[in-house]
Amino acid sequence: MDSTELLNLMRERRSIRKYQERQISREDMEKVIEAGIWAPNAGGGQRSVIVGVHDEKLAEAIGKLNIAHFDRSSLAGSYVSHEQPSIIDDPTLRSGFYGAPSVCVVFAPANFLYSIPDAFCCAENMVLMAQSLGLASCIIARGEETFLSDEGQRLIAQWDIPQGYIARCFVLLGYLDGPAPSPKPRHEGRVRIAG
Ligand SMILES: Cc1cc2nc3c(=O)[nH]c(=O)nc-3n(C[C@H](O)[C@H](O)[C@H](O)COP(=O)(O)O)c2cc1C
């Protein structure tokens, strides 16, 4: 892949919030996770742990735990983005995962300065790999709160997540249902090149 193709891949990736029921292949999920594992990581510590949930019923259940903790009062004006109204702004939404049949959970240490950037570097690698495989994806926050319930704690025990780790984010995976969202123009004035 040359630099133009790479930039096009980045430009064409969109956060998808409407998914077909069709499940992705296990092979594709493995490739997405492998991309996450190869992300840059603070101090070369390779601390993040990624769990792939290749099960639509479990993905839906975790999505419900995720939205249960969505505090709209912390948003400016109770919606996520002024410029890009989204179905996440629908207060009747019952899952934070929009019907995605698969989800990857990125865990990282609760008490490490670069834990959050580490996890989101994984997520970025993962959504780009998803794009290259023709999959739809979306990064989702609120990992920290999602597993607080007894149900969430049971999953963490079942997945053998190391002590002191916390979910930092999710990567939804599936196939786009409906037309692809169009890209938003980039804001002016965001770039400086010194020297
Ligand atoms: C740190 C971070 C947290 C995000 N959390 C959510 C989320 O909880 N729910 C959601 O629908 N999208 C979430 N997104 C996706 C953004 O809303 C999305 O990237 C942004 O609107 C730009 O759209 P695009 O990805 O299609 O270019 C998140 C993205 C990032 C980087």
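**Exercise 1. What percentage of the 195 residues of the chain count as buried?**

Solution. The model is a predicted one. A residue is called buried here if 20 or more other C-beta atoms lie within 10 Å of its own. By that criterion, 31% of the 195 residues are buried.

**Exercise 2. List the secondary structure elements in order from the N terminus.**

Solution. Begin with the count: the chain has six helices and four strands. Then read along the chain, which gives α-α-β-α-β-α-β-α-α-β.

**Exercise 3. Work out how the four strands are arranged, and explain what sets E1 and E3 apart as edge strands.**

Solution. Step one: the four strands make an open sheet, ordered E1-E2-E4-E3, with antiparallel pairing. Step two: E1 (49–53) and E3 (136–140) each have a single partner strand, so one side of each has no neighbour in the sheet. Step three: on average, and ignoring direction, neighbouring strands are turned by 20 degrees against each other.

Now take one pair in detail. Strand E2 (residues 102–109) and strand E4 (residues 165–174) run antiparallel and are joined by eight bridges. One residue pair to find in the structure is Cys104 with its bridge partner in E4, Val171.

**Exercise 4. Check the length of helix H3, then find where its buried residues lie.**

Solution. Helix H3 covers residues 56–68, which is 13 residues. The expected span is 1.5 Å times one less than the number of residues. For H3 this should come to 18 Å, and the end C-alpha atoms are indeed 18 Å apart, so the two values agree.

Next, pick out the buried residues of H3: Ala59, Ile62, Gly63, Leu65 and Asn66. Their arc around the axis is only 160 degrees, which means that they sit on the same side of H3. The spacing has a general background: an α-helix has 3.6 residues a turn, so residues three or four places apart point the same way. Among the elements that cover the buried residues of H3 are E1, E2, E3, helix H5 (143–146) and helix H6 (150–158).

**Exercise 5. Which residues of helix H2 are buried, and which are exposed on the other side?**

Solution. Helix H2 (residues 26–37) has 12 residues and reaches 16 Å from its first C-alpha to its last, close to the expected 16 Å. Its buried residues are Met29, Val32, Ile33, Ala35 and Gly36. These cover an arc of only 155 degrees around the axis, which places them on the same side of H2. Glu27 and Glu30, on the other side of H2, are exposed. The cover over the buried residues of H2 includes E1, E2, helix H4 (115–132) and E4.

Technical notes. Residues are numbered from 1 along each chain as its sequence is written. This is a predicted model: local features need pLDDT of at least 70, side-chain atom pairs count only at pLDDT 80 or more; totals for chains, interfaces and linings use all residues. Helices (H or I, at least four residues) and strands (E, at least two) are DSSP runs, numbered from the N terminus. A residue is buried if 20 or more other C-beta atoms lie within 10 Å of its own, exposed if 12 or fewer, and partly exposed in between; C-beta atoms are placed from the backbone. Two strands pair if DSSP finds at least two bridges between them. Axes are lines fitted to C-alpha atoms, for helices over the stretch in contact, and angles run from 0 to 180 degrees between N-to-C directions. The arc is that of the directions from the helix axis to the C-beta atoms. Two residues are in contact if their C-beta atoms, placed from the backbone, lie within 7 Å.
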